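Biologist: Could you take me through this model one region at a time, with the reasoning behind each reply?

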Amino acid sequence: MKKTILLALLLAGSKAWAQPEIKPVGALPSAAQVKWQQLEYYMFIHFGPNTFTDKEWGHGDEDPKVFNPTELDARQWARTAKLAGMKGIIITAKHHDGFCLWPSEYSKHTVRESAWKNGKGDVLADLSAACREYGLLFGVYLSPWDRNHPAYGTPEYNQVFANQLKEVHTKYGDVFEQWFDGANGEGPNGKKQEYDWNLFESTVTNIHPNVIFFSDAGPGCRWIGNESGYAGLTNWSTLNRADFKPGMGGITETLNKGQEDGTHWVPGEADVSIRPGWFYSKATDGQVKTLPHLLDIYYSSVGRNANLLLNIPVDRRGRIHANDSARLMELRRALDADFRENLARMARIAATNTRQGNTMISAVYLADRNYNTYWAAAEGKTTADITLSYARPVTFNRVSLQEFIPLGQRIRVFSVSVLQGKVWKEIARETTVGYKRILRLPLTTAKSIRISILDAKASPVISEVALFRAPELIADPEVSRDKSGMVSIKTQSPDPVIHYTLDGSVPTTASPTYVQPFSMPGAGTVSAKAFVNNGQKGSTVIDAIFGIAPAGFKAMTPGAEAAIDASRRAWTTKENAYPAALVIDLGREQQVKAFSYTPNTHGGIVYKYAFYVSNDGKEWGKPVAEGTFANVLNNPIRQYIKLSSPVTCKYVKFMALEPADPKDTRVSVSELEVY
């Protein structure tokens with residue numbers, strides 16, 4: 001059968017993927033899933049009332065008039081995504097607060113009730129038009145949890161939500177991905193909703209039959225199990241769908257790795273924000289992820305058989321902030337440089353155990369830039385070697401492999417070796433490949449490179465092999481501070497010069513030069529930047545925000561010193577500890593403007609809290625701050641809480657009232673800081 005016939009079947013959505021000579025293996029992707037996987041990288045946008053209230057999860061009781069962007073420009077979003085190399089945009093059309101970015105007929109908490117454009121605006125209309133203009137795909141996130149709608153928590157609400165899905169999918173053109181999460185909290189009546197997922201999915205597929213559904217259980221693609229953007233080193237695209245549903249706990253490790261013999265094709269999507277939080281906050285303007293960090297995320301998502309959904313929060317103007325945009329352009333330039341030239345195209349490529357009798361199956365197709373051509377091993381052969389030979393030595397530090405996934409995911413283990421004299425030296429050994437696997441290696445020079453498939457579920461089918469030499473980057477500085485308030489700055493780059501500031505300004509070569517640790521016992525921000533080549537090349541700026549150095553602090557709660565020692569240690573209670581109090585003596589009266597809670601990523605994460613102050617450690621009065629750490633279980637980063645007004649006190653008390661994971665009844669605090 002000709003390759004053109006196979007491609008036609010692929011585009012037509014047929015499941016008859018295979019040539020007669022190659023039997024499909026396991027669960028297979030639909031044509032829409034193959035097209036989705038080839039997107040690789042696209043933009044997430046979180047935007048709504050939370051943008052204006054500095055919250056991650058709104059409560060649904062905010063005045064809709066707070067939503068009032070002054071310069072909203074969806075074309076700027078689309079233009080930025082296009083220039084960044086992204087293939088589409090997914091927007092939070094409706095988050096947990098219930099606020100709709102379109103004038104929904106089924107809610108009174110929408111842009112229609114906002115101050116923006118006197119209620120005449122429609123964000124989805126603007127963005128869908130901008131996506132069409134710039135050749136981008138358009139996707140939507142609609143949260144079924146609605147903390148505003150009066151019907152939430154009743155049987156009627158499921159139809160309300162289905163009606164909202166129908167509105168979005170009929171009014172704004174094609175939708176490539178429908179994003180669901182499993183958040184299911186209480187509504188305004190104090191009740192939770194039993195979601196009708198069958199109704200929700202059928203409502204959408206009746207309009208867009210090829211849409212990709214994202215959720216913990218797919219069916220189009222699955223959550224990768226974390227919000228840091230990292231897929232598992234082993235990552236299968238298959239999952240036993242019947243065992244999963246959106247929002248269920250205890251499945252993050254499985255979602256991160258997939259299941260080798262899963263019943264359905266449910267590939268991973270890695271979602272992560274370019275900032276610490278998902279919604280814009282001015283306080284995080286200096287905390288945009290660094291280029292090395294974003295590259296690490298890219299190689300740990302796209303490079304590990306997952307798609308990357310990178311969140312770029314729109315600011316209060318309704319525009320992408322310059323800091324985020326600049327970093328995206330840096331990432332685009334770095335990726336272009338990393339993959340500029342495929343050195344495999346210059347090699348003589350040979351393979352062992354090649355399937356015979358079909359001229360359309362050959363090692364010559366392994367570097368032809370055509371995903372729909374491939375090499376395959378003979379039926380029953382689950383090992384093979386692919387060798388790249390050169391007339392002169394080549395230097396490389398990236399290796400990329402792609403399986404032809406319409407025939408299934410097959411490879412379990414593979415290795416990369418180079419010929420040194422007459423001996424093959426193994427330089428890497430990894431597990432799964434899937435649609436794409438990219439290895440980052442030390443700079444290596446050789447005339448012969450061998451990729452060995454060591455174990456596979458069935459005869460391997462490889463579409464592409466690539467070698468690249470990526471430029472090396474200057475490492476960003478790392479800023480830390482000990483309990484006494486001594487600040488240290490270091491970088492892994494050889495012979496850098498580090499400059500820093502303490503006033504929030506961007507360091508330049510004229511700023512103070514870091515020579516040795518210095519004292520900063522009070523709260524503040526250290527900004528650092530590393531320079532090389534006599535200041536001609538600099539790293540990104542790293543902002544480190546510190547509270548009052550805890551040198552004079554004392555934990556009044558027995559055994560809780562680890563919570564205030566400025567280290568990686570954590571104070572952790574036994575089970576069934578809620579409610580639990582962490583009381584700290586500040587040593588002297590101090591003016592307190594804020595506090596922060598850093599969760600312990602190993603468990604005991606606090607969700608609901610209250611914060612008290614006292615002058616004698618006995619009389620506490622009412623809490624000066626109380627609430628919840630929204631989304632802390634999935635995104636366990638430092639939670640900074642600003643008090644409504646400064647208070648003077650000698651003692652503070654952090655009350656842990658409810659756990660983020662109901663099954664984990666320990667209380668743990670990695671660090672409690674006071675500002």
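Biologist: In strand 5 (residues 212-215), which residues point the other way from I212 and F214?
Modeller: This is a predicted model, and what follows should be taken in that light. In a regular strand the side chains alternate between the two faces of the sheet. Strand 5 shows that pattern with all four positions buried, since I212 and F214 point one way, and the other way point F213 and S215.

Biologist: In which sense does strand 5 pair with strand 4 (residues 177-179), and over how many bridges?
Modeller: Strands of a sheet pair through backbone hydrogen bonds, either parallel or antiparallel. Within this pairing E177 has I212 of strand 5 as its bridge partner. The two strands pair in the parallel sense, over 3 bridges.

Biologist: What unit do strand 4, helix 7 (residues 197-205) and strand 5 make, and which residue is the bridge partner of S215 in strand 6?
Modeller: Strand 4, helix 7 and strand 5 together make a right-handed β-α-β unit. Strand 5 also pairs in the parallel sense with strand 6 (residues 221-223), here over 2 bridges. In strand 6, the bridge partner of S215 is R222.

Biologist: Is H169 buried or exposed, and with which side chain does the side chain of H169 make a polar contact?
Modeller: H169 lies in helix 6 (residues 155-171), and H169 counts as buried because its relative accessibility is 2%, under the 20% cut-off. Leaving out residues up to four places away in sequence, H169 touches V140, V175, Q178, V204, I207, H208 and V211. One of these is also joined to H169 by a side-chain polar contact of 2.7 Å, namely Q178.

Biologist: Which strands are the edge strands of the open sheet with the order 18-19-21?
Modeller: The sheet consists of 3 strands with antiparallel pairing. An edge strand here pairs on one side only, and that applies to strand 18 (478-481) and strand 21 (518-519).

Biologist: Which residue in strand 21 stands opposite M486?
Modeller: Strand 19 and strand 21 run antiparallel and are joined by 2 bridges. Opposite M486, in strand 21, stands S519.

Biologist: Where is P496 placed, and what is its exposure class?
Modeller: P496 sits in the loop between strand 19 (486-490) and strand 20 (497-501). Apart from neighbours within four places in sequence, P496 is in contact with T491, A530, F531 and V532. Its relative accessibility is 26%, which lies between the 20% and 50% limits, so P496 counts as partly exposed.

Biologist: How many residues apart are D54 and R316, whose side chains meet in a salt bridge?
Modeller: Side chains of opposite charge can pair when their charged atoms come close. For D54 and R316 the N to O distance is 4.0 Å. The pair links distant parts of the chain, with D54 in the loop between helix 3 (49-53) and helix 4 (74-83) and R316 in the loop between strand 10 (306-311) and helix 10 (322-338), a separation of 262 residues.

Biologist: Which residue forms a salt bridge with D73?
Modeller: D73 lies in the loop between helix 3 and helix 4, and its partner, 246 residues apart, lies in the loop between strand 10 and helix 10. The closest N and O atoms are 3.4 Å apart, and the partner is R319.

Biologist: R666 forms a salt bridge with D664; what are the exposure classes of R666 and D664?
Modeller: The closest N and O atoms of this pair are 3.0 Å apart. R666 has a relative accessible area of 24% and is therefore partly exposed, whereas D664, at 14%, is buried.

Biologist: What span should the 17 residues of helix 10 have, and what is the distance between its end C-alpha atoms?
Modeller: The buried residues of helix 10 include D324, L328, L331 and L335. Its buried residues pack against strand 1 (41-45), helix 4, helix 9 (291-301), strand 10, strand 13 (384-403) and strand 17 (461-468). At 1.5 Å a residue the expected span is 24 Å, and this agrees with the distance between the end C-alpha atoms, which is 24 Å.

Notes:
Residues numbered from 1 in each chain as written. Predicted model: local features only at pLDDT ≥ 70, side-chain atom pairs only at ≥ 80, totals over all residues. Heavy atoms only, no water. Buried < 20%, exposed > 50% of the residue type's maximum accessible area, 1.4 Å probe, protein only. Contact = heavy atoms within 4.5 Å. Pairing = 2+ DSSP bridges. Right-handed = clockwise from strand over helix to strand, strands pointing away. Polar contact = N/O pair within 3.5 Å; in protein donor to acceptor, adjacent residues only side chain to side chain. Expected span 1.5 Å × (residues − 1).
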